[in-house]
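User: Got a minute to walk through this one with me? I'd like to start with the odd backbone spots and then go on to the packing.

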Amino acid sequence: MSGFKFSLVPQDVPKINTKFRRINTPIPVPESLTMLTALDNYESRSMHGQMPVVWDRAEGFQVSDAWGNKWIDFTSTIFVTNTGHGNHRIIKALKEVLEKPLLHTYTYCSKERVEYIKYLIEKTPKQFEKAFLLSAGTEATECALKLMRMYGQKKGKRKPGIITFEGNWHGRTMGAQMMSYNPAQKEWIGYLDPNIYHLPFPYPWRKDCLKNPEGFFLEGMETLLKEKNLSPNTDLCGFMLETFQGWGAVFYPKEFVQAIQKFAREHDILLAFDEMQAGFGRTGSLFGYMHYDVEPDILCCGKGASSSLPLSIVLGSSEIMDLPEIGSMSSTHSANPMVCAAGKANLESLFEDGLIENSRVLGKLFHEKLNRTAKLFPDYIGQVLGKGLLAAVHFNSPQGEPLIELCDKICETAMRRGLLVVHTGRETIKLAPPLTIHREALFEGLSVFEQSINDCVVGKTL
Ligand SMILES: Cc1ncc(COP(=O)(O)O)c(C=O)c1O
């Protein structure tokens with residue numbers, strides 16, 4: 001996030017009333033300002049920076065405030081509500097638990113927990129034999145770090161080496177930040193973990209890498225091993241990959257990831273994926289790593305895992321998941337019965353309501369349209385990346401300079417026109433509607449997006 005703040009000065013904007021959007025007040029709504037400023041006054045500012053919309057209801061692919069405005073949502077909050085806001089299956093499942101009532105069980109067994117874990121393991125690839133449930137994504141990546149290192153210890157490795165990638169991001173707690181790249185975000189720690197290494201990322205604009213992705217990986221690896229005097233058999237325990245780089249939906253070339261898997265297998269190193277943004281149908285397959293035709297040893301999931309309540313998951317083989325002793329890998333709120341009921345209903349909706357297929361099929365049309373939009377603004381849009389119902393539009397000048405302020409303006413203009421998009425604070429805008437969206441609403445949202453870009457580049461911001 002940049003330190004950018006959206007304006008809290010109510011702006012008169014044209015009234016909108018279509019099938020899917022309604023804007024009938026100034027934006028931000030004058031009556032909402034007391035709530036927005038209360039957060040500023042009473043809550044840590046680190047939580048702030050979001051667009052000034054006070055959510056009152058959210059259903060399907062639409063978000064409403066309490067003053068009659070309604071937005072098409074291209075954010076899914078933040079890749080969470082894949083099966084739609086207020087999904088009926090999830091609400092029904094939650095009501096059943098709520099009305100029992102059974103709100104918390106700590107680590108005591110519950111029917112909801114048993115049914116969910118069993119269903120999750122049955123419905124995910126066979127190498128995932130066991131799961132561990134947590135609440136936040138950052139806990140899941142921390143947990144993977146712990147498991148990879150415990151695995152290395154068990155195998156008698158000398159060092160707890162972990163390889164991650166330049167530009168990747170894995171969360172806000174200490175281990176997750178150590179694995180993430182951004183040096184400024186790690187300054188608070190005061191030191192760097194000497195056994196976490198970052199390899200060069202195969203960005204599509206690195207032409208040398210596109211020609212030979214496998215060679216690019218092996219070269220980076222060889223340089224690292226030489227520089228740090230490491231032996232992969234004894235000094236490396238795990239690879240942690242963000243399935244795609246979040247800020248820009250930047251995927252790796254398939255050959256690059258396959259080369260990592262080959263190297264990992266040869267040296268008994270575990271392969272973990274951080275699927276936080278990529279999981280649960282978002283990219284047109286159940287998990288995003290599936291686009292690479294590899295089989296991770298550990299999978300870290302969150303966000304779209306429940307489309308609602310706080311749920312993150314670590315998946316792996318029994319050998320890996322049972323490394324920690326009884327009681328040494330659990331958490332007070334892990335496997336809460338409400339959360340488990342939501343997790344199961346979410347998965348059922350994903351499979352039984354055809355949402356992965358919807359993401360794949362509509363995703364193609366979505367990307368075709370976005371690429372046509374990009375062609376209209378060659379001086380402002382460098383490329384559109386992503387898969388399925390996930391896209392990142394990269395705003396760059398013809399010289400490649402990042403157009404961050406333009407992105408801020410486009411997000412704000414789209415909001416004032418009844419469309420919510422993901423403001424990244426960087427030179428990208430991300431678009432990720434709930435997978436329940438249908439064609440007509442998707443295209444209405446895309447035309448609002450195009451119109452907002454047009455208005456901003458000609459200096460006609462609302
Ligand atoms: C790739 C990735 N990893 C980890 C996280 C951390 O998840 P959480 O915010 O739930 O802790 C995020 C959240 O944005 C993410 O995008």
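**Backbone, helix and core**

Analyst: Sure. Just past helix 15 sits glycine 459, and its phi is positive, near 75°. Keep in mind that this is a predicted model.

User: Which residue that is not a glycine has a positive phi of about 55°?

Analyst: That's asparagine 229. You'll find asparagine 229 in the loop between helix 8 (213-228) and helix 9 (232-235). Phi of lysine 303 is positive too, near 35°, and lysine 303 isn't a glycine either. The loop holding lysine 303 runs between strand 13 (298-301) and strand 14 (312-316).

User: Is lysine 303 buried or exposed?

Analyst: Buried: lysine 303 has 24 other C-beta atoms within 10 Å, and 20 or more is the cut-off. Asparagine 229 has 7 within that radius, so it counts as exposed.

User: OK, what about peptide bonds, where are the cis ones?

Analyst: One joins isoleucine 27 and proline 28, with omega about -5°. Proline 28 is in the loop between strand 2 (22-23) and helix 1 (33-42). Another cis bond goes from lysine 100 to proline 101, omega near -10°. Proline 101 belongs to the loop between helix 3 (88-98) and helix 4 (111-123).

User: Back to helix 15. How far apart are its end C-alpha atoms?

Analyst: They're 27 Å apart. Helix 15 covers residues 439-457, and at 1.5 Å a residue its 19 residues should span 27 Å, so the two agree.

User: And which of its residues are buried?

Analyst: Ala441, Leu442, Gly445, Leu446, Val448, Phe449, Ser452, Ile453 and Cys456. Looking down the axis, the buried residues fall within an arc of 155°, so they line one face of helix 15. Arg439 and Glu440, on the other side, are exposed.

User: What covers the buried residues of helix 15?

Analyst: The cover includes strand 5 (70-73), helix 13 (355-376), helix 14 (404-416) and strand 17 (419-420).

User: Switching topic: how many residues are in the largest nonpolar core?

Analyst: 123, and those with the most contacts inside it are Ala144, Ala272, Cys300, Val314, Leu419 and Val421. Helix 12 (residues 337-352) supplies the largest share, eight residues.

User: Where does that core lie relative to the domains?

Analyst: Between domain 1 (1-73 + 420-424 + 452-462) and domain 2 (88-352), because both give residues to it.

User: What's alanine 272 in contact with?

Analyst: Leaving out neighbours within four places in sequence, alanine 272 is in contact with Ala144, Met148, Gly238, Phe239, Met240, Pro296, Asp297, Ile298 and Cys300.

Definitions and conventions: Residues numbered from 1 in each chain as written. Predicted model: local features only at pLDDT ≥ 70, side-chain atom pairs only at ≥ 80, totals over all residues. Core = buried A, V, L, I, M, F, W, Y, C linked by C-beta atoms within 7 Å. Buried ≥ 20, exposed ≤ 12 C-beta atoms within 10 Å, placed from the backbone. Helix = DSSP H or I, 4+ residues; strand = E, 2+ residues; numbered from the N terminus. Domains from an automatic or database assignment. Contact = placed C-beta atoms within 7 Å. Expected span 1.5 Å × (residues − 1). Arc of directions from axis to C-beta.
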